[in-house]
Amino acid sequence: MAASGGVPKSKTLEDCLDDFANADPEVIRRALAAGGNDIREYTGKFMLLLCSIKEQLKTTHLDAVKDCIENADKLCDLHQQITECDQVFEKLEQMLIGFQSELGSLSTDMSRLQEQSVSISLELENRQKVRGELSQFVDDIVVSQQMIKAILEADTGDRVFLEQLHELQHKLQFLRAQEFKEARAVSDVQGTLDALKVKRAVGFRLAAVQAHGLSTLSTDAAGELDVLGHDGHSLGVDGAKVGILEESDEVCLGGLLEGHHGGRLEAEVGLVVLGDLADQTLEGKLADEQLRGLLVATDLTKSNVTGTATALEKIREWTLQKIYLFRKPLANYQVPQMQMLKNRFFYEFLLANERNVAKEIQEEYVDTISKMYFSYFKTYTSRLFKLMMSDCATKEDLLGAEDTVKSSALGFFSSKPQVRNRATVFSLGHRQTLVTDDLLAPIIIPHAAQEGGQKFQFESLFRSINFALVDHASHEFLFLTDFFLLSGQSAIDLHNKVLARSLTQLTREWDDRISTNFDAISLYVCICLCDKLQSLLKQRNVPSLAVYWDAISNQLWVRFDQLMAMHNESVRAIDVRKLQPPLDTRPHYIIRRYAELTCAFLVVTESCGKQVSKKMEAILESSEDAIEQLLLRFSAQLLGSRDKLIVLINNYDLILTIIDERVAHDNRVHQIIHELMQKSIGEFVEVSLSPHFGPLISFVNECEPLVNQQATNLLVRYNDKLTSVIRSFSANWKRSIDGINGEIVKSFTNFKNGTNILQSAFTQLVQYYQRFSKIAQHDAFRDCPARQEMVNVHVIIVELKKYKPVY
């Protein structure tokens, strides 16, 4: 029906009738006019259907009324039950409203209990804080009977005295800290602690303690502070209970604890006073006598301490006694120093409480120890130099001095001359060990060395004295910094003050000793020792005494320069015509002296692990120049040119051999001597070849420039000379080589040097012959028949190999 009528499925019949009733009449009229019979047919059907529906509705209504009449009793029962349910729900609603009211009251109680819990927790926390701080305060400020007894009666060296002195220092520092917090308890114990610290006539009585202002604990109307549970105990307030509120109008733990509101807990008669502690009190009260028992735990009226030497006085006397022990002859000063170091807190106590006494102690120590060091080094130096070798260098032991004969004790009855031994003057021996292995060796003990009959050279005595100075200076600096609590420049200044007298005395002593020293090796070893010992002080992190070492080094350098000038002057002053024995080509003993002396300087420098300084290099070059001039004068005294060169080569070789034996590194002196020797060897080779191969050498020297200039016409003139040279060489070359070998090997004292020179001569000969052969091949000599007679150069080389030495 819905489909045939065009009505949407979603609309009911009632909706369609309503739409139709409300439709525009004009529209309906036009629709009816357009539909004709079909619409009328549909309208009739619709009306029939509508009547049917109305009939069904009426029937249904009647059925419903009938059912209601039949079930009237049940409906009445249902109505009654519903009414009863409404009443039950109404009662339940009233119960819930009451329960809601009770829950609101319970929430209020829980909030109140929570606030009370927070308050109680805060109160407990504050009590614990106050208990800890107050216990520490009382412990820090109380003066125990044990302390008073130990300070007044115990011996200064006892351990208990030192322990109680530490405790006294702690309490004094604590009192100074409390002065800025206006703690009244400070005045209660200040007099007692001062009396223990300073010597004075004191008669401590309870009334005197009360005079300092000790009174009952003050309280105000709003709050009060009481302390219980001490039981006369000075070590804590574990039984004390303190209640503190955290409201905004109340004061929290000020002096001891700083609260959120920035209030202060002020000390009141040795304890504290809280501000406005409304309704919060501590349990119990403490009598005046109990509090006084806490602060000064002894009845000083029963102790006769008038005029008793207290802490400062006892420390001063004990320390001065230890210092005065240094003045005893032959005393080991390190023993009282160790005792002072064990009780270094004594000086710290003086420095903190009485600076004048501390200054007095320091000045007395410096004066005493400086005099002791002065006496020690003066005596030690004097006794040590009595052990110096009697056969030491004198002003006669110069480089250019001739070996002289000592006068014999038997006079003219002695037939054997005694030559002056200068081995220790110009030879090093093992003296360089002083700057290496023996640098840290124990110092020389005068009486032990004297009993053993030992004698020492100057540098050994120099090392022993200055090594003793280094050890004492190191030990003293460590003592000064440790005992007198110094560091930085103040420690260095005090250290210099202690050693000033000794250093001045030693500087004067060395000036006298050095000025009379004629041993150049000894002086240079001492110069190196100064550098080594100063470096040793730096390694130990103590003041290096640079001023002292610079002064001594300057004295040594000045004397060393003077002595080397005297050596050089003695060499220049030698009259070579009067030398005994007469000159020959062998190395001279003066040259050996120079070589040994120079080698000694180089070995000592190398042992120190450093390079030759500019100053030392200039001195060595000056000596080398004097020796070079002497050798030229030696060679001038010999007749033959060959001998002149031999004497130079032999002496140069001696110098280089001695230096090479002990010196590993190259140096300026070695380079100069080596160049001079090579120059002399080159000249000697030419001189040695000329007698045997003179024509060949002359031919090469004359024709080689012409060949280079391509002067063929001039070379033709030398055909006859070429023939003569070839035939002479071919006939005599083997005999000449053998002669050269004999002459050279016999001319030099050093066989190795002689064979090297021989090989240089043969090498030069081969070079000359190769040059000669090249000239002979020139076109100018192509018609010379003698060229066929020339000896092959390889044959010559093979022959020369027979003379090659085998070591």
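A residue counts as buried when its relative accessible area is under 20%, and as exposed when that area is over 50%. The structure used in these exercises is a predicted model.

**Exercise 1.** Decide whether Tyr-365 and Phe-479 are buried or exposed.

Solution. Step one: the relative accessible area of Tyr-365 is 0%, so Tyr-365 is buried. Step two: Phe-479 has a relative accessibility of 1% and therefore counts as buried.

**Exercise 2.** Classify the aromatic pair of Tyr-365 and Phe-479, and find which parts of the chain the pair ties together.

Solution. Step one: the count of aromatic pairs comes to 33. In the pair of Tyr-365 and Phe-479, the centres are 5.2 Å apart and the planes meet at 35°. Step two: planes under 30 degrees apart count as stacked and those over 60 as edge-to-face, so the rest are tilted. The pair of Tyr-365 and Phe-479 is tilted. Step three: Tyr-365 belongs to helix 14 and Phe-479 to helix 17 (residues 458-483), so the pair ties together parts that are 114 residues apart in sequence.

**Exercise 3.** Do the same for Phe-729 and Tyr-769.

Solution. Step one: the ring centres of Phe-729 and Tyr-769 are 4.7 Å apart with planes at 25°, so this pair is stacked. Step two: helix 26 (residues 719-747) holds Phe-729 and helix 27 (residues 751-776) holds Tyr-769, so the pair ties together parts 40 residues apart in sequence. Step three: Phe-729 and Tyr-769 are both buried. Step four: ring pairs link Phe-729 and Tyr-769 into a cluster whose members include Phe-693, Trp-733 and Phe-781.

**Exercise 4.** Find where the second largest pocket lies and what lines it.

Solution. Step one: the volume of the second largest pocket is about 770 Å³. Its lining has 23 residues, and the closest to its centre are Leu-330, Ala-331, Ser-375, Tyr-376 and Thr-379. Step two: sorted by class, the lining consists of eleven nonpolar, seven polar and five charged residues. Step three: helix 14 (355-384) and helix 16 (446-451) each supply at least two lining residues. Helix 14 gives the most, with nine residues. Step four: the lining takes residues from both domain 2 (142-198 + 307-352) and domain 3 (371-399 + 423-572), so the second largest pocket lies between these domains.

**Exercise 5.** State which rings Arg-513 and Arg-559 lie over.

Solution. Step one: Arg-513 lies over the face of Phe-385, 4.0 Å from the ring centre. Step two: Arg-559 has its charged end over the ring of Phe-518, at 4.6 Å from the centre.

Conventions: Residues are numbered from 1 along each chain as its sequence is written. This is a predicted model: local features need pLDDT of at least 70, side-chain atom pairs count only at pLDDT 80 or more; totals for chains, interfaces and linings use all residues. Side-chain values use heavy atoms; hydrogens and water are left out. On a 1 Å grid over the protein atoms alone, a cavity is a set of points where a 1.4 Å probe fits but cannot get out, and a pocket is an open set with protein on both sides within 12 Å along at least five of seven lines; lining residues have an atom within 4 Å of a point. Grid points are joined across faces, edges and corners, and a volume is the space filled by probe spheres set on the points. Helices (H or I, at least four residues) and strands (E, at least two) are DSSP runs, numbered from the N terminus. Ala, Val, Leu, Ile, Met, Phe, Trp, Tyr, Cys and Pro count as nonpolar, Asp, Glu, Lys and Arg as charged, and the others, Gly among them, as polar. Domain bounds come from an automatic or database domain assignment. Rings of Phe, Tyr and Trp (its six-membered ring) pair if their centres lie within 6.5 Å; planes under 30 degrees apart count as stacked, over 60 as edge-to-face and the rest as tilted. Buried means under 20% relative accessible area, exposed over 50%, partly exposed in between (1.4 Å probe, protein chains only). A charge sits over a ring if NZ of Lys or CZ of Arg is within 6 Å of the ring centre and within 35 degrees of the ring normal.
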